[in-house]
Amino acid sequence: MSFGDWLNERVGYREPLRRLLDEPIPGGARIGYVWGGALALLLLVEAVTGALLMSAYAPSATTAWASVAHINFTLRAGWLIRGLHYFGAQALVILVAVHVAQIAIHGAYRAPREVGWLLKLGLLLMILGFAFTGNPLPWDQDGYWGTRVETGIMGAVPVVGPLTQELVVGGSSLGHLTLTRLYALHVFVLPAATALLLAGSFAQFRKHGFGAPHGANLSKADRFFPKQLGMILLAAAVALVVLFDLAAIEHGAPLEAPADPVSDYTARPAWYFRPLFELRKFFPGSLELIATVGLPGVLGLYLALLPFIDRKPGPLRARLPALAPLFLVGLGAVGLLAKSFASDAKDEGYQRSQAQNAQRTARAIALFKQGVPPEGALAMLRNDPETRGEDLYKKECASCHRLNDLGPPKDKQTAPDLTGFGTKAWALEVLRDPDADHLFGKTPFKEMMPSVVKPPADPEAAKVFTPMSAADQETIAAFLEAQARGEPSAGTQGEKLVRQRCTSCHRLDGKTDDEESAAPELRGWASVAWIEAQIANPGSGKAYPPAAMAKDLEGHMPAFEEKISANDRKILAAWVYRRGRGEAAAGAKEPEKKP
C-alpha cells in the first residue's frame, strides 16, 4: 500500500480534492478569477512569515523596537522575512480591494451569493484590521504616532468611541498595554476571525461555484485544474516576485527611530489610510465626524446592500446606476491619495521634518549596533549626547535661535543664527555687520556694537571713522576661532589686536575699559565651556557680564540653570558647538583644550 493510499484510507482526502480540481467554470477560465486564490496564498505567506517573526519579537514598549532591529539587522535572513511580511500586508490590501471590485463588476454578489459577498467584505475589514494592529508593533516613530492619530479618531466616535479607544489603548495614553493588546489582536483574534471568514467563503464557493459575468458563453466550461489553477499560481508567483524585489530594495522593511511620546513628529498614516486622512481636511472642527464616521458608514452600508440594490442581471452599462457610487469612491480614493502625497512633496516643513527624522533613525540604528541598554531603545537615544542635544535644542533654543534647518524661519528668528557659530566666518560677519537681521539686528543688543567697516550714523563720528583693514579683520576673526577651539593664543598678533581694538567694550580675561558694557568675554569665546556658561546664566560674567541681563534689555536670553540640569547643559553646549561648526554628528567629540 502506498503512503497516499494509506493516508486516503484514514483521512479521505482524494474525493474532496478531486471535486475541487474538477470544479466546472461556466464560461471558461479567466484572469478575473485569480484574485481570490492569490489572496488566499498571500495570506498563507503572511501566516508563515508572521510565525517566524513571532519567534524573535518581544511585545513591550521597552523591548519591541530593539527586537525588530535585531530581526532587521542581526538575525540571519531576518530582514527578508520581515520585508516579505511587511510588503505582503500591503499587497493584501490591494488584492482584496481588486477582488471585491471584480466581484462587483461581474455582479457575482447576486442571489444566491449574497452571503459570500458579505463574507468578502468581512475579509476586507479583517485585512485592514491586520494593517491597523500591525503598523505599531515595531514601536517606532511612524507606528506610534500613526496609532495615536488613529485611536484619537476612534475616540471621537459618538457613544461607543471612548470605550473602544480605552479598550484598544489600555489607558489614557499609548504604552505597554496598547502594544500587548494590539499584538494579541494581530496574532490571535484577527487570524481566528479571518480563518472563519475564509472557511465560510470557501464553503460558499463550493456550494455556488464561480459567478460568470454577463455575456459569458455558458455552453463553454473549463475545469478548475489545470487552467484556472495555473492562472492563480502564476498570479501568486508574480506577486511573490514583486514582494522579494521590494524586500531586497529596502533590505527588509522600514524601521524609524524608537517611539518617543514627547518628540515633535509629523505623523502620517499608511498609504491605504491616506485617502481618509486627506478627506478629513475638508471637514474641519466638529464636522470631522462626517469624514471619519459618516461617509465610511454610508459606504459600508451601501456595499452591504449592493446585492439587494443590483438584483437584475445585465451588461455593465445597464448596471452603472447601481455601481456608480463604487466607481466614484474608487476614483475619489485614488485622487485623495495622490493629493496627499503631492501636498507633502510641496510642504517644506514636512520635508524638513522627514529629513530630521531620517537623521535620528540613522543615529538610532548606529547606536543599536553598539548595544541597547536594559532600559530600552528610547533610553538609548535619550542617553546619547547627539540625540539628547538636538532634543534639548528643539525644546529650549529653537523658538528664538536658528541653527542649520532647526529653529524659526530665517525672517522670524529673534536671536542670532547659530549656523557657523564659533567659526572665523561667523566672527567676520559680526565684525562687519553686527546689526544684520540674522545676527543681533532683532535683539536688544542692536546698535550696541559698531561695525568695523561701516561708518557710524552720527555725522561727526563718521568724519573721524577709519575702517579696519581686511588683514586685521582676518587676524581678529582667526583669534576668536582659536578661542572656540581651545587653542593657545597668548602673545599672538590676534590677542594684541583684540586688546587694542576690542577691549574698550569687550572683556578679555575679565578686563575691559568699560565696566558698564554688556559686551561678552572673548577669552574662550564660543568654546563648549563658554556656551555652557551662556546657557546656565548669560549674566554670570563667564560669557556675558551682568549688564547683559538688565531689565531695560527686554527680550534678552534668560538663564536656564534652574530649568536644565547640569548634565543636560553640558550635552546641549557640546551639541551646539559641534552643529554650529558643521561637524559630523556620529563621530564628533568635544574639543580638547591644548596645554
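Let me start with a word we'll need throughout: a residue counts as buried when its relative accessible area is under 20%. Keep that in mind, everyone, as we walk through this protein together. The model you see is a predicted one.

I'll begin with a pair that uses the word right away. Arg360 and Asp391 are both buried. Their side chains join in a salt bridge, with a distance of 2.8 Å from N to O. Arg360 sits in helix α14 and Asp391 in helix α16, so this pair links distant parts of the chain, 31 residues apart.

Stay with helix α14 for a moment. It covers residues 348–368, and Gln356 is found there too. Is Gln356 buried or exposed? Gln356 is buried, because its relative accessible area is 17% and the cut-off is 20%. As for its neighbours, leaving out residues up to four places away in sequence, Gln356 touches Glu390, Lys394, Asp405 and Leu406.

Now let's step back and look at the whole thing. The protein has 22 helices and two strands. Its radius of gyration is 34 Å, well over the 25 Å that the globule rule gives for 595 residues, so the protein is more spread out than a compact globule. Along its principal axes, the C-alpha trace spans about 110 × 60 × 45 Å.

How much of the protein is buried? Of the 595 residues, 45% are. The accessible surface comes to about 30300 Å², and carbon and sulfur atoms account for 63% of that. Then there is the question of who touches whom: if we take contacts between residues at least 6 apart in sequence, 65% of them join residues at least 24 apart.

Back to the salt bridges. Here is the general idea: side chains of opposite charge can pair when their charged atoms come close. The count for this model comes to 36 salt bridges. One of them is between Arg110 and Asp310, at 3.6 Å from N to O. Look at where the two partners sit: Arg110 is in the loop between α5 and α6, Asp310 is in the loop between α12 and α13, and they are 200 residues apart. Arg110 counts as buried, at 12% relative accessibility, and Asp310 is buried as well, at 5%.

For a contrast, find Arg499 and Asp509. They form a salt bridge whose closest N and O atoms are 3.5 Å apart. Arg499 lies in helix α20 and Asp509 in the loop between α20 and α21, so the pair ties together parts that are 10 residues apart in sequence. Here the partners are partly exposed: Arg499 has 40% relative accessibility, and Asp509 has 42%.

Salt bridges can also join up into a network. In this model, Glu15, Arg18, Arg19, Asp22 and Arg223 are linked that way.

Next, a loop worth zooming in on: the one between α16 and α17, where Leu403 is found. Leu403 counts as buried, with just 1% relative accessibility. Its C-alpha atom is separated by 4.6 Å from that of Thr419, which is 16 residues away along the chain. And what does Leu403 touch, not counting residues up to four places away in sequence? Its contacts are Tyr393, Asp417, Leu418, Thr419, Trp575, Val576, Arg579 and Gly580.

On to the cysteines. A disulfide is a covalent bond between the sulfur atoms of two cysteines. How many disulfides does the structure hold? Zero. Let me show you two cysteines and why they stay unpaired. For Cys397, the closest cysteine sulfur is in Cys400, 8.7 Å away, which is too far for a bond. For Cys502, the closest is in Cys505, at 9.0 Å, and that is too far for a bond as well. Cys397 is buried at 14% relative accessibility, and Cys502 is buried at 11%.

I'll finish out on the surface. Leu41, Leu44, Val48, Leu52 and Leu233 form a nonpolar patch there, and together they have about 430 Å² of accessible area. Which helix gives the most to this nonpolar patch? That would be helix α3, residues 34–54, which supplies four residues. Leu41 lies in helix α3, and Leu41 is partly exposed, with a relative accessible area of 32%.

That's the tour. Thanks for listening!

Conventions: Residues numbered from 1 in each chain as written. Predicted model: local features only at pLDDT ≥ 70, side-chain atom pairs only at ≥ 80, totals over all residues. Heavy atoms only, no water. Patch = residues over 30% accessible without salt bridge, like charges linked within 9 Å, V, L, I, M, F, W, Y side chains within 5 Å. Areas by Shrake-Rupley, 256 points an atom, 1.4 Å probe, with all protein chains shown as cover. Salt bridge = Lys/Arg side-chain N within 4 Å of Asp/Glu carboxyl O. Buried < 20%, exposed > 50% of the residue type's maximum accessible area, 1.4 Å probe, protein only. Contact = heavy atoms within 4.5 Å. Disulfide = S-S within 2.5 Å. Rg over C-alpha atoms; globule rule 2.2 N^0.38 Å.
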